[in-house]
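I opened this one up with my notebook beside me. Below is what I looked up, in the order I got to it.

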Amino acid sequence: MRFGVYSWLFVPAAWCAPAAMLLPAGNALRIAAVIVDLLVFPGLPLVLRLSPERYALEGFSLRTVQRVAVLTGAVSLSSAILVTLALMLAGALTAERALVILALVATVATLVPAGRGTGRTGPEAR
């Protein structure tokens with residue numbers, strides 16, 4: 001799977017959680033949308049854009065899918081913590097603001113054109 005073929009689906013999916021905040025508090029659909037969005041976005045676009053794992057997905061084995069899933073969860077949760085901490089220190093923390101910032105990061109990571117890297121790392125790449 002090359003990044004870019006289905007990446008246009010990431011943009012509306014990233015904005016599902018901020019849109020779900022319009023539902024009443026305690027609604028099961030709102031809770032599910034926010035949890036899934038926090039676990040997937042902006043981690044998946046960032047991992048597929050920046051990580052060497054994007055080249056491993058061309059083989060599409062279970063092992064590479066597991067690595068991408070773990071990296072996606074780790075990057076998504078750590079970015080949510082960083083955004084929340086920054087908003088808290090600025091005195092502007094609301095759930096809506098945090099979700100909008102995370103959706104913006106996912107949108108930018110999806111839509112910015114990738115560089116022309118070879119995919120190789122180390123001294124032999126130079």
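**Entry 1: the end of a helix.** I began with Gly-91, which comes right after helix H6 and has a positive phi, near 75 degrees. Helices here are DSSP runs of H or I with at least four residues, strands are runs of E with at least two, and both are numbered from the N terminus.

**Ground rules.** This is a predicted model, so I noted that local features need pLDDT of at least 70 and side-chain atom pairs count only at pLDDT 80 or more, while totals for chains, interfaces and linings use all residues. Residues are numbered from 1 along each chain as its sequence is written, and side-chain values use heavy atoms, with hydrogens and water left out.

**Entry 2: the overall plan.** I found seven helices and zero strands. Along the sequence that reads α-α-α-α-α-α-α. Of the 126 residues, 31% count as buried; buried means under 20% relative accessible area, exposed means over 50%, and partly exposed is in between (1.4 Å probe, protein chains only).

**Entry 3: H6 itself.** Does its length fit? I put it this way: how far apart are the end C-alpha atoms of helix H6? They are 42 Å apart, and that agrees with the 42 Å that its 29 residues (62–90) should span at 1.5 Å a residue. The expected span is 1.5 Å times one less than the number of residues.

I then listed the buried residues of H6, including Thr-64, Val-68, Thr-72, Ser-76, Ala-80, Val-83 and Leu-87. An α-helix has 3.6 residues a turn, so residues three or four places apart point the same way. Gly-73 is in H6 too, and it counts as buried because its relative accessibility is 15%. From Gly-73 to Pro-42 I read 9.4 Å, C-alpha to C-alpha, with their positions 31 residues apart in sequence.

**Entry 4: the cores.** Which residues form the largest nonpolar core? Phe-10, Ala-14, Phe-41, Leu-44, Val-47, Leu-48, Val-68 and Ala-106 do, eight residues in total. Two elements give it two or more residues, helix H1 (10–14) and helix H4 (43–50). H4 gives the most, with three. Apart from this core lies another, of five residues, among them Ala-80, Leu-87, Ala-98 and Leu-102. A nonpolar core is a set of buried Ala, Val, Leu, Ile, Met, Phe, Trp, Tyr and Cys residues joined through side-chain atoms within 4.5 Å.

I also checked what Val-47 touches: Val-68, Leu-71, Thr-72 and Val-75, leaving out residues up to four places away in sequence. Contact means heavy atoms within 4.5 Å.

**Entry 5: two residues of H7.** Thr-107 lies in helix H7 and is buried, because its relative accessible area is 14%. Thr-107 touches Val-11 and Trp-15, not counting residues up to four places away.

Leu-111 is in H7 as well (residues 95–111). Is Leu-111 buried or exposed? It counts as exposed, at 57% relative accessibility. Neighbours within four places aside, Leu-111 is in contact with Val-11 and Arg-49. Its C-alpha is 9.4 Å from that of Phe-10, although the two are 101 residues apart along the chain.

**Entry 6: long-range contacts.** Among contacts between residues at least 6 apart in sequence, 70% join residues at least 24 apart.

**Entry 7: Ile-31.** My last stop was Ile-31, found in helix H3. With a relative accessible area of 44%, Ile-31 is partly exposed.
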